[in-house]
Amino acid sequence: MMSLFDDEQIMKSFIKSERHDTERAMAEQLIRKGKMTLEEIADCVSALSLDELKEIETEIMQLA
């Protein structure tokens, strides 16, 4: 029974991580295009907070 619970928790964690990674990639693309404000992106990408988007923006600007 514990193994089943652990497997379920692992799967939920994996799915949550994958969703976060996918939404981060989408946010990065939107930031690079520069056509939306961070607030607008935050409305579209619910897994990331405005603070996280600001950090991503800073990372992108440092690489540019």
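How many residues apart in helix α1 are R24 and E28? They are four residues apart, so about one helical turn separates them. Helices here are DSSP runs of H or I with at least four residues, numbered from the N terminus. I will come back to that pair after some groundwork.

What you have above is a predicted model, in which local features need pLDDT of at least 70 and side-chain atom pairs count only at pLDDT 80 or more, while totals for chains, interfaces and linings use all residues. Residues are numbered from 1 along each chain as its sequence is written, and side-chain values use heavy atoms, with hydrogens and water left out.

Let me start with the inside. The largest nonpolar core has ten residues: A27, L30, I31, L38, I41, V45, L48, L53, I56 and I60. Three helices, α1 (2-33), α2 (38-44) and α3 (50-63), each supply at least two residues of this core. By nonpolar core I mean a set of buried Ala, Val, Leu, Ile, Met, Phe, Trp, Tyr and Cys residues joined through side-chain atoms within 4.5 Å. Buried means under 20% relative accessible area, exposed means over 50%, and partly exposed is in between, with a 1.4 Å probe and protein chains only. In soluble globular proteins, nonpolar side chains tend to be buried together.

Take A27 as one member of the core. A27 lies in helix α1, and its relative accessibility is 0%, so A27 counts as buried. Setting aside residues up to four places away in sequence, A27 touches I41, V45, L48 and L53. Contact here is heavy atoms within 4.5 Å. Along the chain A27 and L48 are 21 residues apart, and their C-alpha atoms are separated by 8.6 Å. Another core member is L30. Without its neighbours within four places in sequence, L30 is in contact with K35, M36 and I41.

Now to the charged residues. Lys and Arg count as positive, Asp and Glu as negative, and His and the chain ends are not counted. A salt bridge is a side-chain nitrogen of Lys or Arg within 4 Å of a carboxyl oxygen of Asp or Glu. Side chains of opposite charge can pair when their charged atoms come close. The count by this rule is three salt bridges.

One of them joins E8 and K12, with the closest N and O atoms 3.3 Å apart. E8 and K12 are four residues apart in helix α1, which means about one helical turn between them. E8 is partly exposed, at 41% relative accessible area, and K12 is also partly exposed, at 48%.

Back to R24. Its salt bridge with E28 has the closest N and O atoms 3.1 Å apart. R24 is partly exposed, with a relative accessible area of 25%. The side chain of R24 also meets that of E59 in a salt bridge, at 2.7 Å from N to O. That pair links distant parts of the chain, since R24 is in helix α1 and E59 in helix α3, 35 residues apart. E59 is partly exposed, at 37% relative accessibility. Through shared partners, R24, E28 and E59 are joined into one network of salt bridges.

Which charged residue is buried yet has no salt bridge? That is E23, and the nearest side chain of opposite charge, R19, is 5.4 Å away. E23 lies in helix α1. Not counting residues up to four places away in sequence, E23 touches V45, S46, A47 and L48.

Last, the outside. M11, F14 and I15 form a nonpolar patch on the surface, with about 310 Å² of accessible area together. A patch is made of residues with over 30% relative accessible area and no salt bridge, where like charges are joined within 9 Å and nonpolar side chains (Val, Leu, Ile, Met, Phe, Trp, Tyr) within 5 Å. Accessible areas come from the Shrake-Rupley method with a 1.4 Å probe, and for residues only the protein chains shown count as cover. Within the patch, F14 is partly exposed, at 47% relative accessible area, and F14 lies in helix α1.

Two more residues are worth pointing out on the model. R32, in helix α1, counts as exposed at 53% relative accessibility. R32 and A64 are 32 residues apart in sequence and 9.7 Å apart in space, C-alpha to C-alpha. L63, in helix α3, is exposed, with a relative accessible area of 72%.
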